[in-house]
Amino acid sequence: MNNNIEGKVIVITGASSGLGEATARHLSEQGAIVALAARRTERIQSLADEITKNGGKALVVTTDVTERDQVKELVDKTVEGFGRIDVMINNAGLMPQSLLERLKVDEWDQMIDVNIKGVLYGIAAALPYMKEQKSGHFINVSSVAGHTVHPGGAVYSATKRAVRTLSEGLRQEVKPYNLRTTIISPGAVDTELPDSISDKEVSENIHNFYEEHALPADSFARAVAYAISQPEDMDVNEILYRPTSQKL
Ligand SMILES: NC(=O)c1ccc[n+]([C@@H]2O[C@H](COP(=O)([O-])OP(=O)(O)OC[C@H]3O[C@@H](n4cnc5c(N)ncnc54)[C@H](OP(=O)(O)O)[C@@H]3O)[C@@H](O)[C@H]2O)c1
């Protein structure tokens, strides 16, 4: 039986580690063709080599999602190579949390550039193709933090809430083109994400929390596969999940 994943052309930003890497592997095992994007070329190249060795198909496009032209080139190359784009997974992100009074303004800028503008550039690059195809699926990565806020997490939560708002707006606008949109909001998942925190105290707290509670990255990959694999007339708009032991 067709799993509605096999043969689909799926672009994944932030594919060099964590959730993106696990998702590329999982979707490829289900028969998807994956386009892998991140800044660390050697990481996505070695993932592509592994996927190819296992009989899958993968394209590597070094991409900084804060550069609109690079995100456009990622999607253009994918369509040139495989004839279409079925799913755009806007996953690249970072989480340098700290109290606002620390004034880590460069990190605020970075989170806005990657977590919000990176997602918008992904939408800008893929939407024209999907409109033309009259089919396609956006999966935008938010967070439990996009549903709540804690001291130290104001800017990160704001960016992740923005992803939810953008995705819901997109969902309403793309009805005429038969497109699907999914927001996935994970809780703590074991990835390199906490390494982006430069504030020593916050970093220690988050690392301890992740050590105790975090789920493996394939939890996210399974959520993505669930959303994609539903029949085309079913649009899974939002998935929110966390470790059973995670309170907030
Ligand atoms: N892990 C969690 O607990 C958790 C929970 C909720 C939401 N999330 C969200 O999940 C997404 C993936 O994070 P992760 O947990 O998998 O963390 P991760 O292991 O640190 O992965 C982050 C990915 O984003 C990429 N990235 C960062 N800046 C980029 C840029 N400017 N251009 C292109 N790619 C960039 C990184 O690749 P390069 O450095 O190679 O460019 C890397 O592949 C993020 O949006 C994060 O906010 C994670």
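These are my notes on the ligand site and on one helix pair in a predicted model.

**Ligand shell.** I looked up the residues around the ligand first. The ligand is surrounded by 30 residues. S16, S17, R39, Y156 and T191 are the closest. I then sorted the shell by class: it has 13 nonpolar, twelve polar and five charged residues.

**Helices at the site.** I asked which helices each supply at least two residues of the shell. They are helix 1, residues 18-29, and helix 5, residues 154-173.

**Polar contacts.** I went through ligand oxygen atoms next. An oxygen atom of the ligand lies 2.8 Å from a polar backbone atom of N91. For G93, I noted a distance of 3.5 Å between a polar backbone atom and an oxygen atom of the ligand. K160 takes part through its side chain, where an N or O atom is 2.9 Å from an oxygen atom of the ligand. I also looked up how far the ligand is covered: on its own it has 870 Å² of accessible area, and the protein covers 95% of that.

**Helix 4 against helix 5.** Having met helix 5 in the ligand shell, I looked up its packing with helix 4, which spans residues 105-133. Their axes are 8 Å apart, and the angle is about 15°. Helix 4 is therefore roughly parallel to helix 5, as angles under 35 degrees count as such. I noted the handedness as well: helix 4 passes helix 5 in a right-handed crossing.

Notes
Residues numbered from 1 in each chain as written. Predicted model: local features only at pLDDT ≥ 70, side-chain atom pairs only at ≥ 80, totals over all residues. Heavy atoms only, no water. Near = heavy atom within 4 Å. Polar contact = N/O pair within 3.5 Å; in protein donor to acceptor, adjacent residues only side chain to side chain. Areas by Shrake-Rupley, 256 points an atom, 1.4 Å probe, with all protein chains shown as cover. Helix = DSSP H or I, 4+ residues; strand = E, 2+ residues; numbered from the N terminus. Nonpolar A, V, L, I, M, F, W, Y, C, P; charged D, E, K, R; others polar. Axes fitted to C-alpha atoms, helices over the stretch in contact; angles between N-to-C directions. Parallel < 35°, antiparallel > 145°, perpendicular 65-115°, else oblique. Left-handed = near helix turned anticlockwise from the far one by under 90°.
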